Amino acid sequence: MSFIIVIRPFSLSDTPALITLFRDAVHAINIQHYSPEQVAMWAPEEMNAEHWQNKLESWQKQFTKNITFVAEIDGKIVGFADMTRDGYLDHLYIHKDYQGRWVAFRLLKAIEQAARDLGLEKITTDCSITAKVPAERVGFVVVKEQTVVKNGVSFINYAMEKKLKKG
């Protein structure tokens, strides 16, 4: 099966699709390594209108402030990634039906190029248990394992970094 992955800059109109993709990916993929309670805290499945609007506005601000790329296949959003201007990779999520199809790799390459364009020497991230092995495959190394507590729920993740080669 042949397909073309298009990587493009974020547009404000992408926000609802990115929130949905994030929530669905956490519930379908990260559930392998995290409890239902952890997943529900990380990405609430049920949101009322006020919560949805707050999330939409918050994510729009973040994605606009950060360097944010969206991946599409046949016009469908299948992934996204964003990085702060000081090199912190905040999100990298791929639609559950497009795992293992090079989408994350292509998004990460766009992020790496943006980091190089900014003159950065490395990218840092806090990586889930689920994403640790794929991150290591593309050159990230674990700096430390950490426990993060959000609203009284503990999560294990990994502080990771990737040094960038010049050029």
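Start at the hairpin of strand 6 and strand 7: 2 residues sit between the strands, and Asn151 there takes a positive phi near 50°. Keep in mind as you look around that this is a predicted model.

Now widen the selection to residues 141-150, which are strand 6, and residues 153-163, which are strand 7. The two run antiparallel and are joined by 9 bridges. To see one of these pairings, pick Gln146 and look across to strand 7, where Asn157 is its bridge partner.

Next, select Tyr158 together with Lys132. What lies over the face of Tyr158? Lys132 does, at 5.3 Å from the ring centre. Stay with Lys132 and add Glu136: the two form a salt bridge, with the closest N and O atoms 3.2 Å apart. Both residues belong to helix 5 (residues 129-137), and they are 4 residues apart, about one turn of the helix. Glu136 is partly exposed, with a relative accessibility of 33%.

There are other salt bridges to visit, since the count for the model comes to 10. Try Arg8 and Asp14, whose closest N and O atoms are 2.7 Å apart. Are these two residues buried or exposed? Arg8 and Asp14 are both buried. For another setting, go to Lys96 and Asp97, a salt bridge with its closest N and O atoms at 3.4 Å. Here Asp97 is partly exposed at 42% relative accessible area, and Lys96 is partly exposed at 43%. Then select Lys109, Glu112, Arg116 and Lys162 together to see a network linked by salt bridges.

Time for some rings. The whole structure holds 11 aromatic pairs. One of them joins Tyr34 and Trp42 edge-to-face, with 5.2 Å from centre to centre and 80° between the planes. Tyr34 counts as buried because its relative accessible area, 5%, is under the 20% cut-off. Trp42 is buried too, at 17%.

Now select Phe10, Phe22, Trp59, Phe63, Phe80 and Tyr93, which form one aromatic cluster.

Finish at His91, in strand 4 (residues 88-94). His91 is buried, with 9% relative accessibility. Leaving aside residues up to four places away in sequence, His91 touches Trp59, Gln62, Phe63, Phe80, Ala81 and Asp82. Which side chain shares a polar contact of 2.7 Å with that of His91? Select Asp82 and you will find this contact between the two side chains.

Note on methods: Residues numbered from 1 in each chain as written. Predicted model: local features only at pLDDT ≥ 70, side-chain atom pairs only at ≥ 80, totals over all residues. Heavy atoms only, no water. Phe/Tyr/Trp six-rings, centres within 6.5 Å; stacked < 30°, edge-to-face > 60°. Buried < 20%, exposed > 50% of the residue type's maximum accessible area, 1.4 Å probe, protein only. Lys NZ or Arg CZ within 6 Å of the ring centre and 35° of its normal. Pairing = 2+ DSSP bridges. Polar contact = N/O pair within 3.5 Å; in protein donor to acceptor, adjacent residues only side chain to side chain. Contact = heavy atoms within 4.5 Å. Salt bridge = Lys/Arg side-chain N within 4 Å of Asp/Glu carboxyl O.
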